[in-house]
Amino acid sequence: MKRVIIIGAGLAGLSAAMELAKQNIGSELISPLPSERAQSVLAEGGINAALDLMGEGDRPAEHCADTLRGGCDLADPLAVQSLTAHAPELVKSLSALGVPFQMEGERLVQRNFGGQKKKRTAYAKSSTGKAIMTALIDEARKYEAAGLIRRWPHHTLAELCTEDGNCTGAVICDNYTDSALRFSGPVILACGGLNGLFPGRTTGTTQNTGDAAALAFSRGAAFGNLEMLQYHPTTVAISGKRLLVSEAARGEGGRLFTVENGHRRYFMEEKYPELGNLMPRDVISREMALLDGQVWLDMTGLSRAEWTKKLPDLRSELKHYLNLDPAKEPVPVSPGIHFFMGGILVDRTHAASLKKLFAAGECACQYHGANRLGGNSLLGAIYGGMAAARSAALWASEHREPEQLGPVTPQPETPGFQAKLGDILYGGLAILRDEATLTGALSRLEELSSATLTEAERRRLELGRAMLLSALERRESRGAHTRTDFPERNDGQFRKTTVAAIRNGAVQISFIPVPEGGEAGAS
C-alpha cells in the first residue's frame with residue numbers, strides 16, 4: 001500500500017488523511033496532541049457555504065466575490081472559485097456525517113457573518129469547530145481500523161528531509177521517549193498558524209509553537225503574505241492567551257461602542273451604516289486602534305432563545321473567565337491576533353515550492369488574501385486538506401516501516417527568548433505600522449539573534465524576520481496590513497503576493513503577481 005506523511009491532525013490533516021483513504025492510499029498522521037485537542041476544536045462561529053436556505057438568493061459566485069473583496073483582491077480568483085463552488089456539497093456532506101448544525105425543522109439555518117451580505121454561515125451553536133472535528137474523528141476511525149490511517153500522537157516533527165529541491169520524507173520524535181523515526185515519502189504540512197511566535201497574544205492554542213512551519217522555511221520552502229496577520233476585534237485576555245468572543249455574537253445583534261462625554265458612541269454603525277458591526281475584521285480592528293479608550297461589546301439585547309440555542313457556550317466562557325454575564329452587562333473587548341493569512345506559499349494544487357511538499361489549513365497561504373472572512377477558515381481547512389491529498393497522492397510512496405534512529409536530545413530553551421521574540425514581533429506587526437516601528441523591530445531582532453540560541457529558536461527568529469521584512473517591503477495599506485506612512489492601497493505596484501524565502505543564507509523578499517482568472521472582488 002502506498003502512503004503519505006501528514007504533519008498535523010486537526011481539520012486539514014484529518015481531511016487529507018480521509019481523502020487519501022478513499023483512494024486506498026494510507027497515511028501516517030503525526031501530531032504532538034490527539035485530534036481532540038487540535039486548534040480546529042476552538043473554532044466557534046461557523047462554516048460558509050452558499051446553500052441559499054434563507055430565502056436571499058445566495059449563490060457560490062457571490063460567496064466567491066465576497067471572499068475576494070474581503071481579501072482585498074490578493075487571493076487567487078480561480079482557487080477561491082473552486083473553494084466556494086464546492087462549499088455547498090462539502091457542508092451537506094458534513095451534515096450527513098452527523099454534524100449537529102442549527103436546524104429549524106428539516107431546514108439547516110444559516111447566520112450573518114462579517115464581510116458578507118447574505119446569511120451563509122452554517123453553525124453548531126458556538127462550538128462549530130468542535131462539532132465538525134468530533135464527526136470527522138469518528139468517521140476516520142473506520143479508516144484507522146482498516147490500516148489506511150495510522151496515528152502517531154505525541155510525536156513532533158524534528159526534520160524535513162530534502163534532496164535537490166525535493167522533500168523526501170520526515171523525521172519525527174516521540175515526545176515521551178525522545179526516540180526518533182524517519183519516514184520516506186511526500187509530506188503534507190497541516191500544522192496550523194504561527195501562534196508560538198506571539199505568546200499570550202493570540203486566540204490560538206498555546207500548544208501550537210510554529211516550529212514545523214519554521215523548519216519548512218529553513219529548508220527552502222517559500223512563504224507568502226507573511227505580513228497579513230488578522231486581528232480579531234473582539235477578544236479578552238485570559239491566562240496565556242486571548243479568549244475569542246465569537247463574531248457570531250455580532251451576527252446575532254451584538255453592538256460595539258465606546259463612551260465619549262458620558263454617552264455611548266456606536267462607532268461602527270455610525271461610520272459604516274450598511275454592515276455596521278459586521279464589517280470585515282480588519283476594518284473593525286483598525287477602527288478600534290484609532291480610538292482612545294475602552295471598547296465594549298453590548299449583547300444585552302439578545303433574546304433568551306438566542307443565548308440558549310445559538311450562543312450558550314460563549315455565555316458560559318465569559319461567565320467563567322470574566323465573572324461577567326454578557327446577557328446582562330457589556331463585555332470589554334480589544335483586538336487580538338486570531339489568524340495568519342500568510343504561510344507556506346502553495347499553488348492551486350496545494351503544492352509548495354519544494355517538490356513533494358504540500359500544505360493545507362492555516363499554515364498555507366491560500367484563499368484568504370489580505371484578510372480572512374469569518375466562516376471561511378473551517379471551509380478552507382477541509383477543502384484545502386482534500387486538495388493537498390489529491391496532489392500528494394500522485395507522489396505516494398510504497399509503504400515501508402519507518403527507520404529507527406537514535407534518541408534525540410532536546411535542547412534546553414534559552415531563558416526569556418520566547419517572550420522577547422513575541423514582544424519584538426508584536427511591536428513591529430501591530431494593527432498600525434510604519435517604517436520606524438518595523439525597522440526598530442528588525443534592529444531589536446538583530447540584537448536577539450546575537451545571543452546563543454537553539455536551532456529551533458533560530459529558525460523561529462528567521463521566520464519572524466521574514467514577517468517583519470515582508471511588512472516593510474509592502475509600502476501600501478491593504479486588508480490586515482495598515483501602513484500609516486503609506487495609507488493608500490496601491491494596486492498598480494502591490495496587487496501582488498509577497499514572497500519570503502531563504503536564499504544564500506539570508507531572508508529575501510520578492511513579489512509575484514496575483515494569478516489571473518475569475519471575477520475580481522472589486523472594492
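Q: Two strands pair if DSSP finds at least two bridges between them, and strands themselves (E, at least two residues) and helices (H or I, at least four) are DSSP runs, numbered from the N terminus. What makes E14 and E19 a pair?

A: Five bridges join E14 to strand E19 (residues 331–340), and the cut-off is at least two, so they count as paired. The two run antiparallel. One spot to look at is His232, whose bridge partner in E19 is Gly336. This is a predicted model, so local features need pLDDT of at least 70 and side-chain atom pairs count only at pLDDT 80 or more, while totals for chains, interfaces and linings use all residues. Residues are numbered from 1 along each chain as its sequence is written, and side-chain values use heavy atoms, leaving out hydrogens and water.

Q: What makes E14 and E15 a pair?

A: Four bridges join E14 to strand E15 (residues 241–244), again antiparallel. Val236 sits opposite Leu243 in E15. Two residues lie between the strands in this hairpin, and Gly240 takes a positive phi near 85 degrees.

Q: Why is E14 called mostly covered?

A: Buried means under 20% relative accessible area (exposed is over 50%, partly exposed in between, with a 1.4 Å probe and protein chains only). Nine of the ten residues of E14 (residues 229–238) are buried.

Q: How do you know that Thr203 is buried?

A: Its relative accessibility is 6%, so Thr203 counts as buried. You'll find Thr203 in the loop between strand E12 (187–189) and H5. Contact means heavy atoms within 4.5 Å. Leaving aside neighbours within four places in sequence, Thr203 is in contact with several residues, including Leu42, Thr235, Lys241 and Ile337.

Q: What makes Leu94 count as buried?

A: Leu94 has 3% relative accessibility, so it earns that label. Leu94 lies in helix H3 (residues 77–97). Apart from neighbours within four places in sequence, Leu94 touches Ile47, Val99, Phe101, Ile132, Leu136 and Ile382.

Q: Why are H3 and H11 called roughly perpendicular?

A: Angles run from 0 to 180 degrees between N-to-C directions, and axes are lines fitted to C-alpha atoms, for helices over the stretch in contact. Under 35 degrees counts as roughly parallel, over 145 as roughly antiparallel, 65 to 115 as roughly perpendicular and the rest as oblique. The axes of H3 and helix H11 (residues 376–393) cross at roughly 100 degrees and come within 10 Å, so the pair is roughly perpendicular. Ser82, Leu83, His86, Ala87, Leu90 and Leu94 of H3 meet Leu379, Gly380, Ile382, Tyr383 and Met386 of H11. The residues here divide into eight nonpolar, three polar and no charged. (Ala, Val, Leu, Ile, Met, Phe, Trp, Tyr, Cys and Pro count as nonpolar, Asp, Glu, Lys and Arg as charged, and the others, Gly among them, as polar.)

Q: What makes H5 and H14 roughly perpendicular?

A: Helix H5 (residues 211–218) and H14 pack at about 75 degrees, with axes 9 Å apart, so the perpendicular label fits them too. Among the contact residues are Leu215 and Phe217 of H5 and Arg459 and Leu463 of H14. By class, this contact has seven nonpolar, one polar and four charged residues.

Q: How do you know that the span of H14 agrees with its residues?

A: The expected span is 1.5 Å times one less than the number of residues. For the 19 residues of H14 (residues 455–473) that gives 27 Å, and the end C-alpha atoms are 27 Å apart, so the two agree. Also, 15 of those 19 residues are buried, so H14 is largely enclosed by the rest of the structure.

Q: Why do E9 and E24 stand at the edges?

A: The order in this open sheet of four strands is E9-E10-E11-E24, with antiparallel pairing. Strand E9 (155–163) and strand E24 (403–405) each have a single partner strand, so one side of each lacks a neighbour in the sheet. From one strand to the next, the twist averages 25 degrees. Strand E11 (residues 180–184) is joined to E24 by three bridges, and Arg182 stands opposite Glu403.

Q: What makes E22 and E28 edge strands?

A: Another open sheet has five strands in the order E22-E20-E13-E27-E28, with mixed pairing. Strand E22 (364–365) and strand E28 (506–513) each pair on one side only. Two bridges join strand E20 (residues 343–345) to E22, running parallel, and Ile344 stands opposite Ala364. H14 packs on the sheet, touching E13, E27 and E28, at about 45 degrees to the direction of E28. H5 lies across those three strands as well, at about 75 degrees to E27.
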